[in-house]
Amino acid sequence: MLKFIRYFWFFLGCVFFIPMIQAQSTVQEICPNVGIQPRSAEFSPDGIIITAFDGTSLWVYDINRATRYPLPQSAPCTSGCNLSPDARWLSYLNPETFSFNKMRLDGTQRTPLAPNASEVLWWNSDTLLIWTPNHRAYLRPEVDGLASPQLLDVQGIRSIQPNGQWALLIEQGADDFDRYMVNMENRGTIDEQRVFLAPDNPFFNAAAWSPDGRYLAYVGRSAFDDNVGIIGSELYLAQPGSAIPQQMTFLFNEYGAVRINGYMPGELSWSLQGGRIAFWVIELLGSNPEANTGNAVLHILDVNTGDVVRYCGFATTDHTPNTPRLVWSPDGTHIAFAGNVRGDNKGTLLLALNIETGIFTELSDGIFPAMGQADVYAWGFAP
């Protein structure tokens with residue numbers, strides 16, 4: 001019966017889904033060939049970047065003031081720090097109380113959100129999605145901590161659609177684990193809606209929902225590359241209610257087999273406006289995606305046009321097990337990340353890419369490899 005349902009929804013997708021991209025786009029290059037630039041006094045956009053310059057706390061980098069300072073009662077995080085939809089609040093773990101709070105990005109107006117949580121996200125502007133340490137999840141109004149939570153069936157679920165009921169499901173297949181997009185409201189019933197996406201293979205399984213929940217972007221399979229003996233990666237989009245995921249990149253035509261991002265499965269980076277996805281493309285030099293690799297280079301996909309841009313002003317081999325986290329500026333004009341330039345004696349730099357000019361700017365230096373890797377966590381508005 002489930003197989004019948006799967007093909008029924010595939011048929012509906014054929015009828016109602018209109019592809020956004022009509023032709024395969026080539027990869028464009030923006031390569032100003034000027035090297036990494038020092039920060040100028042007129043650098044824009046402004047705001048606050050959250051990162052870590054030591055291993056004990058979160059740090060603020062205030063762009064307007066070109067200053068940085070630690071935030072007490074905080075700790076470096078990976079996926080545990082999340083921006084609110086308006087990019088004015090950050091959820092974070094207080095290591096002294098072991099509860100999740102929120103604060104303005106300068107560390108002010110701290111407010112409790114949830115005890116006994118492993119992660120707190122905004123499901124929409126006034127509702128929290130709370131994950132517990134034993135992998136349970138529920139929805140709860142942000143301003144009413146006494147309201148009854150809406151429990152969610154998250155067995156096998158990796159991520160949940162913002163402001164919606166679709167989710168990314170991991171399930172055991174015949175020989176491997178597979179990924180599906182599934183509607184949690186009718187999951188396990190005769191009316192179940194699920195769409196097969198791709199196998200769930202390490203280093204080939206990054207995925208992320210767009211901020212408005214309209215699309216799920218994920219890494220899927222490409223073609224087999226005889227030169228290196230491995231199947232590479234491409235980016236796909238799946239739309240809730242449609243059964244036809246759409247291939248958005250054709251990187252194999254440009255590079256042969258490649259790896260997209262790293263081991264962490266949630267690291268595709270959507271712009272806050274939802275129109276672009278930033279990701280790393282890593283050369284594959286052999287059949288082992290962990291060991292047989294070359295440089296990682298930043299790429300951006302425009303989901304509305306299908307255009308892919310390669311930014312060749314910076315490349316890194318510090319990409320395994322995980323690539324540097326890419327964080328968009330609130331206005332969608334820049335991307336911040338942590339990058340180590342060999343031989344400059346500055347440690348890991350806080351870099352910002354202007355996506356129009358392709359120029360990389362050094363904002364600060366000495367990002368600390370907290371939790372094993374130097375990273376940037378958020379870029380939001382100053383209060």
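The following exchange concerns the disulfides, one open sheet and the confidence of a predicted model.

Reader: How do you know that Cys-31 and Cys-312 are joined by a disulfide?

Author: The sulfur atoms of Cys-31 and Cys-312 are 1.6 Å apart. A disulfide requires two cysteine sulfur atoms within 2.5 Å, and the pair is therefore counted as one.

Reader: What makes this disulfide a tie between parts of the chain?

Author: Cys-31 is placed in the loop between strand E1 (27-30) and strand E2 (37-38), whereas Cys-312 belongs to strand E26 (residues 308-316). The pair therefore ties together parts that are 281 residues apart in sequence.

Reader: Why are Cys-31 and Cys-312 called partly exposed?

Author: Partly exposed residues lie between the limits of under 20% for buried and over 50% for exposed. Cys-31 has a relative accessibility of 34%, and Cys-312 has a relative accessible area of 30%; both values fall in that range, so each residue is partly exposed.

Reader: How do you know that Cys-77 and Cys-81 form a disulfide, and what makes it left-handed?

Author: The sulfur atoms of Cys-77 and Cys-81 are 1.9 Å apart, which satisfies the cut-off of 2.5 Å. The torsion about their S-S bond is about -120°, and the disulfide is left-handed because of this.

Reader: Are Cys-77 and Cys-81 buried or exposed?

Author: Cys-77 has a relative accessibility of 8%, and Cys-81 has a relative accessible area of 2%. Buried means under 20%, so both cysteines are buried.

Reader: What pattern do the disulfides of the chain follow?

Author: The structure holds two disulfides. With bonded cysteines counted along the chain, their pattern is 1-4, 2-3.

Reader: Why are strand E6 (82-83) and strand E9 (111-115) called edge strands?

Author: The open sheet consists of four strands in the order E6-E7-E8-E9, with antiparallel pairing. Strands E6 and E9 each pair on one side only, and they are its edge strands.

Reader: How do you know that strand E8 (residues 99-104) pairs with E9?

Author: Pairing requires at least two bridges between the strands. Four bridges join E8 to E9, so the two strands pair, and they run antiparallel. Within this arrangement, Lys-102 has Thr-111 in E9 as its bridge partner.

Reader: What is the mean pLDDT of the chain, and which residues have a pLDDT below 50?

Author: The mean pLDDT is 91, with 93% of the residues reaching 70 or more. Residues 1-22 have a pLDDT below 50; this stretch has 35 contacts in the model beyond near neighbours in sequence.

Conventions:
Residues numbered from 1 in each chain as written. Predicted model: local features only at pLDDT ≥ 70, side-chain atom pairs only at ≥ 80, totals over all residues. Heavy atoms only, no water. Buried < 20%, exposed > 50% of the residue type's maximum accessible area, 1.4 Å probe, protein only. pLDDT = per-residue confidence, 0-100. Contact = heavy atoms within 4.5 Å.
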